[in-house]
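Please look over the structure shown below, with attention to how one end of a helix is finished and to how the chain as a whole is built.

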Amino acid sequence: MRIGSRREDDFEINVISLIDVLLTLLMFFVLSTTFIEHSRLKVDLPKADAEARDATDNALTVMIDRDGHYAVGSDEVPGEGIDPLKATLERVAGTDRNRVVVIRADANTAHQNVVRAMDAVGQLGFTHLSIATTPSEAAGR
């Protein structure tokens, strides 16, 4: 019987279970993250003093760049005028007309381009329309 010298147990941390938990969390976050694919059009949104509202998850986005080129979601609209825009909207949206349509128009685009997009959306029967803006510096005060 040894009273004076006690053998201390080696203390180990089992990192294998910790790695399993971390990899599971990593997979959960990667799979649950929404990846937003923006169009190739560069859009500089106008500024507004209104409060920012929550973005809708299932919104259909119509982008208009400074030169008047359109994109619906990530699909660019070929050609000019309202008919190619309507055809692309119908193809991307399908039959769901209750979807929210968000128009993201460049601040320097012609007003006619925005009106044309609103007209196409209205002619196809969409009832929920929103225009995207960025908050101005005065709204932050």
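At the N-terminal end of helix α1 in this predicted model, the capping residue is N14, one of whose side-chain oxygens lies 3.3 Å from the backbone nitrogen of I16. The helix that N14 caps, α1, covers residues 15–32 and counts 18 residues; from its first C-alpha to its last it reaches 26 Å, which is close to the 26 Å expected at 1.5 Å a residue.

What is the geometry of the rings of F28 and F29? A search of the whole structure finds one aromatic pair. The ring centres of F28 and F29 are 5.3 Å apart and the ring planes stand at 65 degrees, so this pair is edge-to-face, the angle being over the 60 degrees that this class requires. F28 and F29 are both exposed.

Turning to the chain as a whole, its secondary structure consists of three helices and seven strands, and these elements follow one another from the N terminus in the order α-β-β-β-β-α-β-α-β-β. Three percentages that describe the chain are set out here.

| Property of the chain | Value |
|---|---|
| Buried residues, of the 141 residues | 26% |
| Contacts joining residues at least 24 apart, among those between residues at least 6 apart in sequence | 74% |
| Exposed area supplied by carbon and sulfur atoms | 53% |

The last of these percentages refers to an exposed area of about 10,900 Å² for the chain.

Technical notes
Residues are numbered from 1 along each chain as its sequence is written. This is a predicted model: local features need pLDDT of at least 70, side-chain atom pairs count only at pLDDT 80 or more; totals for chains, interfaces and linings use all residues. Side-chain values use heavy atoms; hydrogens and water are left out. Rings of Phe, Tyr and Trp (its six-membered ring) pair if their centres lie within 6.5 Å; planes under 30 degrees apart count as stacked, over 60 as edge-to-face and the rest as tilted. Buried means under 20% relative accessible area, exposed over 50%, partly exposed in between (1.4 Å probe, protein chains only). Helices (H or I, at least four residues) and strands (E, at least two) are DSSP runs, numbered from the N terminus. Contact means heavy atoms within 4.5 Å. Accessible areas come from the Shrake-Rupley method with a 1.4 Å probe; for residues, only the protein chains shown count as cover. The expected span of a helix is 1.5 Å times one less than its number of residues. A polar contact is a pair of N or O atoms within 3.5 Å; within protein, one must be able to donate a hydrogen and the other to accept it, and residues adjacent in sequence count only if both atoms are side-chain atoms.
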